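Thanks, everyone. I'll put the structure up and walk through it piece by piece.

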Amino acid sequence: TEELISRHVSGRLKVAPEHTSDRVLNIMRKPSFSLFEEFKRIFERINKEKGLNQQIIPYFISSHPGCTEEDMAELPALTKQMNFKLEQVQDFTPTPMTLATDMYYSGFHPYSLRKIQSAKTEAEKKRQNIFFFWYKREFKSEIIAILTKLKRTDLVKRLYSNKNKINI
């Protein structure tokens, strides 16, 4: 890890945690988000020790099968706390011959046979995707409305309180 960070990063290291929800990550067959958090701590420690000024650029996906609006609502609160303004993001796109596409079209997890929800309409996908850009003025009122409907005013406070305010 130290060699990678100190000798093979040219300023920005792109990493794909893909989501912050361990439930969604489990559906994706990816490890817990806590591993990314640990890697970020290691990355920052090595940067400080070596006098480097490098960045981690995380990549996230919205609307993956099994991902709910509430899962997406929690993502910006965690990434804001980690001092990220996301730029590498994507809305889930079904890809032939993948497990995720099977779940997307069938509505079931193929191993557990449990029903699985997927955002499919343009409106459902937009409601998930805008959480990536919580810091943009044009999305603030819509995000607050969604969070209020979800009864997650705690997330409204975490994103939009004056404490640690990011200009929006």
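Start with the largest nonpolar core. It has 39 residues in this predicted model. Which residues have the most contacts inside it? They are F131, F132, I143 and L147. Several elements give two or more residues to this core: α2 (22-28), α3 (33-50), β2 (55-62), α4 (69-81), α5 (99-106), α7 and α8. The largest share comes from α3, with 5 residues.

Take F132 from that list. Leave out residues up to four places away in sequence. F132 then touches F60, I61, S62, M72, L75, L86, V89 and Q90. Keep F60 and V89 in mind; we meet both again in the sheet.

Now the sheet itself. It is open, it has 3 strands, and the order is β1-β2-β3. The pairing is parallel. β1 and β3 are the edge strands, each pairing on one side only. Neighbouring strands are turned by 20° against each other on average, with direction ignored.

A quick reminder on strands. They pair in a sheet through backbone hydrogen bonds, either parallel or antiparallel.

Next, the register. Strand β1 covers residues 12-18, and 5 bridges join β1 to β2. R12 has Q55 in β2 as its bridge partner. K14 stands opposite I57 in β2. On to the β2 and β3 pair. Strand β3 covers residues 88-91, and β2 pairs with β3 over 4 bridges, in the parallel sense. There, F60 has V89 in β3 as its bridge partner. Both F60 and V89 are also touched by F132.

Is β2 enclosed or open to the outside? Of its 8 residues, 6 are buried, so β2 is largely enclosed by the rest of the structure. As for the connection, β2, α4 and β3 make a right-handed β-α-β unit.

Let's move to α8. Its buried residues are L155, V156, L159 and Y160. Why do they sit on the same side of α8? Because they cover an arc of only 105° around the axis. The general helix rule is useful here. An α-helix has 3.6 residues a turn, so residues three or four places apart point the same way. What does the buried side of α8 pack against? The buried residues of α8 pack against α4 and α7.

Just before α8 we find L150. This residue is in the loop between α7 (137-149) and α8 (153-160). L150 counts as partly exposed, because its relative accessibility is 26%, and the buried class needs under 20%. Which residues does L150 touch, again leaving out those up to four places away in sequence? E69, E70 and A73. The pair with E69 spans 81 residues along the chain. The C-alpha atoms of L150 and E69 are separated by 8.4 Å.

One more loop residue, for contrast. H109 lies in the loop between α5 and α6 (122-129). Buried or exposed? H109 counts as buried, because its relative accessibility is 14%. Its contacts, leaving aside neighbours within four places in sequence, are I27, M103, R114 and I116.

To recap. The core has 39 residues, with F132 among those with the most contacts inside it. The sheet runs β1-β2-β3 with parallel pairing. β2 is largely enclosed. The buried residues of α8 pack against α4 and α7. And of our two loop residues, L150 is partly exposed, while H109 is buried. Happy to take questions.

Definitions and conventions. Residues are numbered from 1 along each chain as its sequence is written. This is a predicted model: local features need pLDDT of at least 70, side-chain atom pairs count only at pLDDT 80 or more; totals for chains, interfaces and linings use all residues. Side-chain values use heavy atoms; hydrogens and water are left out. Buried means under 20% relative accessible area, exposed over 50%, partly exposed in between (1.4 Å probe, protein chains only). Contact means heavy atoms within 4.5 Å. A nonpolar core is a set of buried Ala, Val, Leu, Ile, Met, Phe, Trp, Tyr and Cys residues joined through side-chain atoms within 4.5 Å. Two strands pair if DSSP finds at least two bridges between them. A crossover is right-handed if, with the strands pointing away from the viewer, the path from the first strand over the helix to the second runs clockwise. The arc is that of the directions from the helix axis to the C-beta atoms. Axes are lines fitted to C-alpha atoms, for helices over the stretch in contact, and angles run from 0 to 180 degrees between N-to-C directions.
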